[in-house]
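Please read through the structure below with the text that follows it. The order is the whole chain, then the ligand site, then the nonpolar cores, then single residues.

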Amino acid sequence: MTQLIIPEMGSNTQAEVIEILIAEGDQIDVDQSTLVLESEKSTIEVPANQAGIITQLVVKVGDKFTGGEVYAELSASSASPKEAVKNSPKESSSKPESRQPEPPQQIAAAVQTASVPSASTVISSSTVLANKKSDEVYAGPAVRLLARELGVNLADVQGRGLKGRIQKEDVHNFVKQRMQGGIASGVGIPQVAEIDFSQFGSVRHEPLNNIKRATAKAMTIANLNVPQVTQFDEVDITDLEAFRQQQETKTSIVPFVMKALAQCLLDYPRFNSSLNAQGDGLVMKEYVNIGVAVDTPKGLLVPVVRNINQKNITQIRQELQDKAELARQGKLSLVDMQGGSMSLSSLGGIGGTAFTPIVNPPEVAILGLSKARMQPVWQNGAFVPRLMLPLSLSYDHRVIDGAEAARFSQTLVRYLQDVRYLLM
Ligand code: CAO
């Protein structure tokens, strides 16, 4: 006759029996899970330290142990471990948390019937893909039950228990990590799978600098949070170009667009707003500041030119030049990049016919400029050559309706087509 003994748990640790996984008459193997204990810090499964047939159980749910206590009496068994499990009268019938993996169809059905994406449905989709591995994991019935309830594939979970055994807290941690990494926005975006590209050929690794990392993060946040639409338009800037060319000091098209944009923000105040934190109201701004995307050797920076409505085009040009220079030298302060009403991204000096700029939250709109080109335009019964500037206005559709965006864009067209309207 031998005994099953609670392992030592360390000083001052007391654990409560929350589940008994064996019954009198069961034939058990060494390391087979027998009890589930829960302490303040963790849940552990107690493996049998002996093989044999349970002759007497001296434990019940709710008992508290500190380690070293006897909880079952055993008699020796000659049966092989596999036969012992097979012959056990209670193994499969009495316990809902059997070691059998969940059939893939059952998990797939659970995924399909869930109408709202949740942590478990997102995780379940990978469960279906990798299910054939789940019977190879080292975890007890209670952990398997928990994993099934949460839709976690245990094959994806790293066990931190004895001999890599998966414990309940490993499953909870796995879910927590997935929640933080993959679905931080609450819309249930699964992570892109990590691929070892070296299997396809030689590769080298290039770290992202701080600016590019910050841009990557900001773009991800923007794209996940803002339902955006881009409104395209074209403006005839032939007259503006003629005026520009007459000036002694050359001013690029960008400061003119900034001035016209500032007037549009005054005309359409919702474009100069931000959604409040609860998403149920707008913060209306009474200043007019425009952030301009500047291409620098280290990456994209967006200095903000302030109070544009109070400045003339020469002042705007000077301030933009100064800030763009500071950006290229890496000397912009954080304050220089804060407080924009709206952003402007000009790729016109490079090329392109149109693009979809990404709204820079908490702003609700961004204007993209592509390269102005001479085009045949139908006027008074004939085609005439006109210099046409493509506009791409992206906006947050939670705040701005399509019709409002089209009107904003048309107003901008009117101001740039005839800058005298800016004086009215
Ligand atoms: N169509 C045709 N030509 C244009 C134009 C347009 N839309 N916009 C500018 N140009 C011309 C300018 O007039 C200038 O020509 P000239 O020297 O003959 O006058 C030339 O292109 C170069 O302009 P620029 O781009 O150097 O200067 P800018 O004032 O037009 O723009 C700035 C300033 C800071 C916007 C620009 O330097 C820059 O960094 N652009 C890139 C912004 C960017 O990366 N955006 C993407 C962000 S999202 O990834």
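The paragraphs below go from overall totals to individual positions.

The model is a predicted one. The protein contains 10 helices and 19 strands. Of its 424 residues, 40% are buried. The exposed surface of the protein comes to about 23,700 Å², and carbon and sulfur atoms account for 53% of that area. Taking the contacts between residues at least 6 apart in sequence, 62% join residues at least 24 apart.

The ligand comes next. It is surrounded by 19 residues, and the closest are Ser252, Asp295, Arg328, Ser370 and Ala372. By class, the shell consists of 8 nonpolar, 6 polar and 5 charged residues. Three elements each supply at least two residues of this shell: helix H8 (253–267), strand S13 (294–296) and strand S16 (342–346). Several polar atoms of the protein can be placed against the ligand. In the side chain of serine 252, an N or O atom is 2.7 Å from an oxygen atom of the ligand. A polar backbone atom of aspartate 295 is 3.0 Å from an oxygen atom of the ligand. For alanine 372, a polar backbone atom is 2.8 Å from a nitrogen atom of the ligand. On its own the ligand has 960 Å² of accessible area, and the protein covers 66% of this.

Threonine 296 belongs to strand S13, one of the elements that contribute to the ligand shell. Is threonine 296 buried or exposed? Its relative accessible area is 7%, under the 20% limit, so threonine 296 counts as buried. Beyond its neighbours within four places in sequence, threonine 296 is in contact with Leu301, Ala327 and Arg328. Arg328 is also among the residues closest to the ligand.

The nonpolar interior is the next topic. In soluble globular proteins, nonpolar side chains tend to be buried together. The largest nonpolar core here has 42 residues, of which Met258, Phe271, Leu344, Leu367 and Phe408 touch the most other members. Two or more residues of this core come from each of H8, strand S12 (290–292), helix H9 (313–328), S16, strand S17 (365–369), strand S19 (382–396) and helix H10 (402–417). Helix H8 gives the most, with 10 residues. H8 and S16 therefore appear in two roles, as they supply residues to the ligand shell and to the largest core.

Leucine 367 shows how parts of the chain meet in this region. With neighbours within four places in sequence set aside, the contacts of leucine 367 include Val257, Leu261, Met342, Leu344, Pro357, Leu391 and Leu412. Apart from this core lies another, of 18 residues, among them Ile28, Ile54, Phe65 and Ala72.

Valine 413 is located in helix H10. With a relative accessibility of 7%, valine 413 counts as buried. Not counting residues up to four places away in sequence, valine 413 touches Asp233, Glu234, Val235 and Leu391. Its C-alpha atom and that of isoleucine 237 are separated by 9.0 Å, although the two residues are 176 apart along the chain.

The loop between S16 and S17 holds phenylalanine 355. The relative accessible area of phenylalanine 355 is 18%; buried means under 20%, so this residue is buried. Outside its neighbours within four places in sequence, phenylalanine 355 is in contact with Thr230, Phe232, Ser345, Leu347, Gly368, Leu369, Ser370 and Ser392. The C-alpha atoms of phenylalanine 355 and leucine 367 are separated by 10.0 Å, with these positions 12 residues apart along the chain. Proline 362 is also in the loop between S16 and S17. A cis peptide bond joins proline 361 to proline 362, with omega about 15°.

Finally, there are residues with positive phi. Aspartate 31 is not a glycine, yet its phi is near 80°. Aspartate 31 sits in the loop between strand S3 (27–28) and strand S4 (33–38). The relative accessible area of aspartate 31 is 28%, so the residue is partly exposed. Asparagine 380, also not a glycine, has a positive phi of about 50°. Asparagine 380 lies in the loop between strand S18 (373–379) and S19. At 82% relative accessibility, asparagine 380 counts as exposed.

Technical notes:
Residues are numbered from 1 along each chain as its sequence is written. This is a predicted model: local features need pLDDT of at least 70, side-chain atom pairs count only at pLDDT 80 or more; totals for chains, interfaces and linings use all residues. Side-chain values use heavy atoms; hydrogens and water are left out. Helices (H or I, at least four residues) and strands (E, at least two) are DSSP runs, numbered from the N terminus. Buried means under 20% relative accessible area, exposed over 50%, partly exposed in between (1.4 Å probe, protein chains only). Contact means heavy atoms within 4.5 Å. Accessible areas come from the Shrake-Rupley method with a 1.4 Å probe; for residues, only the protein chains shown count as cover. A residue is near a molecule or strand if one of its heavy atoms lies within 4 Å of it. A polar contact is a pair of N or O atoms within 3.5 Å; within protein, one must be able to donate a hydrogen and the other to accept it, and residues adjacent in sequence count only if both atoms are side-chain atoms. Ala, Val, Leu, Ile, Met, Phe, Trp, Tyr, Cys and Pro count as nonpolar, Asp, Glu, Lys and Arg as charged, and the others, Gly among them, as polar. A nonpolar core is a set of buried Ala, Val, Leu, Ile, Met, Phe, Trp, Tyr and Cys residues joined through side-chain atoms within 4.5 Å.
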